[in-house]
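Please open the structure in a viewer and keep the selection panel at hand. The tour proceeds by selections, each followed by what is found there.

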Amino acid sequence: MSEFENLKYAKTHEWVSREGDLITVGISDHAQELLGDIVFIELPEIGRVVENNEPMAVIESVKAASDIYAPLAGTIEAVNESLESEPTIVNSSPYEDGWLFKIRLAANVDDGHLVDYETYQKDYVE
Amino acid sequence: MSLLSPLNEQHKALGATFTDFSGWQMPLHYGSILKEHLYVRESVGLFDISHMGAVFISGRESATWLNRLLANDLELLAVEQAHYSFLLNDAGGVIDDLIVYRLAEDVFFVVPNASGVGAVTEHLIGCIGDADVRLENRSGSVVSIAIQGKRSEALLQAVFPQIDFSRLEKNDLKLVDGKSDSMVIARTGYTGSDGFEIFTDIEEGRALWDRLLNNDSGVECHVCGLGSRDTLRIEAGYPLYGNELNTSLTPIQAGLGFFVGAELKASLKEQTPNNLPKIVYFKVLEKAPPPRNGYEIFEGENSIGKVTSGCLSPMTHEGIGFALVNAKISLNESEKYSIFIRNRKYSLMFLKRGII
């Protein structure tokens, strides 16, 4: 099984990779395809505390601006700065080089609303 | 139910993503708006623009009649030339912007926007009276293809060896077999790059589309959708009806007085002495999100207008666009003006024309 099949997904099309209490977040291949060419990405500030489902980043394609939501609550620990000069990396490598940010999770977060790849494909990708 | 271009099956086979545009289902892109934009600037892009109107006007009095109705001076338009013009209402507001092609002394081919065909034909027909003028609306049964980009001449030269394209100047046109009901090839376009537009019947148009894509000229030619057509025209500083042009703005207010005949221009200027509100072109001076319709423009602390079209230039990555402003502004001034995007202001400068 390839990497993206082992990730968890939010219904708003973010993927989540978890190691202990640190998660890495990006958007799914389906989401980048829907958006089309990404021309600008506004990432959150490091240290910002975010709630589950809080809009905290913006991805802009040629045609539209889309909010990105925190899939789980915590504190922003890192952002992918290379996206500032080359936002199209999210189009070409949504699961690897195109990761968006990392969140250090708050205590006792419940990730029950995140789904596996198969469910995401079935329920949220048409 | 959307209207379909005669080339719809070709677009599907090419993997187009479609969008609704003025009631037409047209290609938005075939994979990447940005790449399609760059194909035009660097090589050649092929656009289906069959959604645009196609109105033929002929008759002994057609020239004098049309010259009374359209804003640009038709006496300046020689046979086998095209120019940009407007149909105006009584108040000088723009009913539509259009291109007029003079196919013969008394035969004209008028191309309004898809959204404007109804209003333009209705207005024109209402003005015929007993003039010796015939109007034929062939919108929807003409295939219109734009071949745009700096290598478009080389491409067309290979496809039409019988025509000497080096002698076809900007805005010149050729009738392929010399008759006014045949294929029209004009050195016109709306991208800011060199290019041509071809108008022909459906059967010939479908064959031509395939021939252009599979030519053996050695020139790279890519299909392009309306997404890149929009970013290209914004870079070039060309207005879009519905965004920068409407029935409550005169061409003078839209910054397009150049395309209005001298007499009419003088009277429009008199009607609206300070020309406000007006359309202006801008460039954002900082790295910023793309400017989009409705974003507010400030002079210091005062809101002076709103964006009507905008994007990040695929060529320079700067924010560029048009705004409708209610204040006198100064050009090339980098200190005073800004655009408000989400939660902060980014400085901007007004320019006389597009950046390409």
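Begin with the sheet of chain B in this predicted model. Select its five strands: they form an open sheet in the order E6-E7-E8-E5-E9, with antiparallel pairing. At the edges stand E6 and E9 of chain B, each of which pairs on one side only. On average, neighbouring strands of this sheet are turned by 25° against each other, direction ignored.

Next, restrict the selection to E6 (81-88) and E7 (94-104) of chain B. Eight bridges join these antiparallel strands, E6(B) and E7(B). Within the pair, select B:Phe86; opposite this residue, in E7(B), stands B:Asp97.

Now add helix H3 (62-69) of chain B. H3(B) lies across E5, E6 and E8 of chain B and runs at about 125° to E5(B).

Then select helix H4, residues 117-126 of chain B. H4(B) lies across E5, E6, E7, E8 and E9 of chain B, and its direction is at about 70° to E7(B).

Which residues of H4 in chain B are buried? Select B:Val117, B:Val120 and B:Leu124 to display them. These residues lie on the same side of H4(B), because the arc they cover around the axis is only 75°. Showing their surroundings brings in the packing partners of the buried residues of H4(B), which include helix H3 and strands E5 and E9 of chain B.

Finally, turn to the face of H4(B) directed away from its buried side: the exposed residues B:Glu122 and B:Gly126 are found there.

Technical notes
Residues numbered from 1 in each chain as written. Chains lettered and ligands numbered in written order. Predicted model: local features only at pLDDT ≥ 70, side-chain atom pairs only at ≥ 80, totals over all residues. Buried ≥ 20, exposed ≤ 12 C-beta atoms within 10 Å, placed from the backbone. Helix = DSSP H or I, 4+ residues; strand = E, 2+ residues; numbered from the N terminus. Arc of directions from axis to C-beta. Contact = placed C-beta atoms within 7 Å. Pairing = 2+ DSSP bridges. Axes fitted to C-alpha atoms, helices over the stretch in contact; angles between N-to-C directions.
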